[in-house]
Amino acid sequence: MSRLPRWEPENPQFWEETGKAIAWRTCGITTFSLIFSFATWFVMSAVVVRMPAIGFKFSTMELFWLAAIPGLASGILRLIHSNFIPVLGTRPVVSIATIIKVAPMIWLGFAIQDLNTSWETFMIIGFLCGLGGGDFSSFMPSTSIFFPKRLQGLAMGIQAGLGNFGVSIVQFVAPWIIGFAAIGTIAGGPQVFTKAEPVKGAITLTKGTCTKDPATKKDVCVITDVVVNKPELAAVIEVVKDENGKLKDVVLHEIDTVKKIREEVTKDAQGRIVAVTPTKGMKLEVKRNDAGEITDVAYMSVAKKAMWLQNAAFVWVPFLVVAFILSALFLRSVTVPARGFKGQFEILSKLNRARTHTWNCTITYICSFGSFSGFAAAFPMMIKTIYGGFEGAPDPLSYAFLGPLIGGAVRALSGGVFDKIGGSKGMSWTTLGQIAGALFLVFGGYLTPTDVGQFQGFLWGMLWIFLMTGINNAATFRQYPIVFAYSPAKGAQMLGWTGAWAAFGPFVWTSLVGMSIEKTGNANMFFIGVAVFYAYSWFVNYWYYTRKGAERFDYGNTGGTWWDKLSDAEKEHMRQVDLHKA
């Protein structure tokens, strides 16, 4: 039987005899599926940082857009998913949502192997990757319905926290899984991965006239002279000038100890690469402006090796299939009071001040999960763009997984705490922490570095923000069902509704960070703006839910809630108003 005929989680006897086992089984299966939903949602953020190194010629802003677009899709899809569970039930929604994500993973896996694949095609694939973020607004309402109010914070904190590990897993697994033919020849051959690092102190450039590049907002200067600093490179780097002493060219020559970088590959009869021989060598990169004048010269150490970037997408397919089978076989659906799709939007009505609290919850959830997901998507590209130009630059995927890992872990571990003390208090403290983290990065100069040594400060600042957003997010799962305590259906739908708007986080955060860097040359403008938004979110939470005498306060199971303080008659009146019977 797909749909359970009776469900009374607030009845202690029913919960112990029947409900507990079904609820935790449902939570376990949907959490397993949610992990790989998040992995597919964020796979594009892990792939884009490697795309230039295998030959794709996309601009920095185009790469930011590719990392952002899954967030646009997930936000739209969550608005749809937020209506599904009360109407259709857990089993069909979770099962179908799980298996459908196989399609973009397979498409991405094959598209990444063709350097002729257009940016527009990757944008479509990235949009479909957003399917993995969209179904979150079905998972969380499902869990809230299956558990009694006293355990909702714990259950949803565990589910969302472990689900968030999918973000960390995809960014942790990607660097490893793309390093060998993990899936065999059926997944396709390798690509040539090129890593180039400037040789520090090899040459000194003398700059002449400078102009502002309208695209990057950075100064572009004409190079008037190049001095070779190391004697052993005198025969390697030739500086060519005309009869008037004007710089014409800089040329690289080979000697016994210095060889130009070469690419050694083996191809099949169809011209596809089947093997890549690792090589190392040197490269001299000379950039010119439209007038042919030299604007930059870089002497670089280059290494080439095989990479199977398609594995970053293909690896999730079997896990999605297993999750689908488990969902189809073992999940059940619960009937809850609902009034169809139109009725789901009554959280926007004036009844019981639903519209006001819907707005408030949406703002605070964007502050928590919107920030978490937004920074998780933007983090790899931020590392690459802000610190990638230095010698010894950090590998984005060696660090990007840490933020989502910390946020997801603390989200899973802290849910039970807020059942005791109340969600609003945790949201207040952690939002202040997010403000402090953003300002630390701006005023510490970590977004405008002059040396790679500043990366440690940048990393710690970002990890602090991830920590705060993870705890903040756990607190919201306790808070929102309490705000709508008079209607379990509305409480469940609120989790889906707020999750939908927060799912735009990867799109909004990544695109705005990219725009800030493109327009101003750094990300300071974005972080100042996000600190102002956090301050507004803090005020909303404090005024309506945290201060003494707040309209719908939540001081936890120990301190009580606004709903606990109402008389039975007042509670029944609110229920009747909600059902249009009063």
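**Reading the terms used for this predicted model**

Author: In this predicted model, R547 lies over the face of W543, at 3.8 Å from the ring centre.

Reader: What makes R547 count as lying over the face of W543?

Author: The distance of R547 from the ring centre of W543 is 3.8 Å, and a charge sits over a ring if CZ of Arg is within 6 Å of the ring centre and within 35 degrees of the ring normal. The charged end of R552 is likewise placed over a ring, that of W562, at 4.7 Å from its centre.

Reader: Why is the pair of W7 and F146 called edge-to-face?

Author: The rings of W7 and F146 are 5.2 Å apart, centre to centre, with 65° between the planes; because centres within 6.5 Å make a pair and planes over 60 degrees apart count as edge-to-face, the name applies. This pair links distant parts of the chain, since W7 is in the loop between β1 (3–4) and α1, while F146 is in helix α8 (residues 136–146), 139 residues apart. Both W7 and F146 are buried, and the count of aromatic pairs comes to 45.

Reader: Why is the pair of Y387 and F390 called tilted?

Author: Between the planes of Y387 and F390 the angle is 45°, and the centres are 6.2 Å apart; since planes under 30 degrees apart count as stacked, over 60 as edge-to-face and the rest as tilted, this pair is therefore tilted.

Reader: How do you know whether Y387 and F390 are buried or partly exposed?

Author: Y387 has a relative accessible area of 0% and is buried, because buried means under 20%. F390 has 22% relative accessibility, which puts it between the limits of 20% and 50%, so F390 counts as partly exposed.

Reader: Why is Q310 called buried, and where is its place?

Author: Q310 has 0% relative accessibility, under the limit of 20%, and so counts as buried. Its place is in the loop between β10 (294–307) and α10 (311–314).

Reader: What is said of phi at N352 and R353?

Author: N352 has a positive phi of about 55° although it is not a glycine, and R353 also has a positive phi of about 55° without being a glycine. Most residues other than glycine have a negative phi. N352 is found in the loop between α12 (340–344) and α13 (354–387), and R353 is found in the loop between α12 and α13 as well.

Reader: Why do N352 and R353 get the labels buried and partly exposed?

Author: N352 has a relative accessible area of 13%, under the 20% limit, and is therefore buried, whereas R353, at 38% relative accessibility, lies between 20% and 50% and so counts as partly exposed.

Reader: How do you know that strands β7 and β8 pair?

Author: Four bridges join β7 (residues 264–267) to β8 (residues 273–277), and because at least two bridges are needed, these antiparallel strands pair. V265 has V276 in β8 as its bridge partner. The hairpin of β7 and β8 has five residues between the strands, and there G271 takes a positive phi near 85°.

Reader: What makes the lining of the largest cavity six nonpolar and two polar residues?

Author: The residues that line the largest cavity are W41, F42, S45, A67, P70, G71, A377 and P506. Trp, Phe, Ala and Pro count as nonpolar and the others, Gly among them, as polar, so S45 and G71 are the two polar residues, while no charged residue is in the lining. The volume of the largest cavity is about 30 Å³.

Methods. Residues numbered from 1 in each chain as written. Predicted model: local features only at pLDDT ≥ 70, side-chain atom pairs only at ≥ 80, totals over all residues. Heavy atoms only, no water. 1 Å grid on protein atoms, 1.4 Å probe; cavity = no way out; pocket = protein on both sides within 12 Å on 5 of 7 lines; lining within 4 Å. Points joined across faces, edges and corners; volume = space filled by probe spheres on them. Phe/Tyr/Trp six-rings, centres within 6.5 Å; stacked < 30°, edge-to-face > 60°. Buried < 20%, exposed > 50% of the residue type's maximum accessible area, 1.4 Å probe, protein only.
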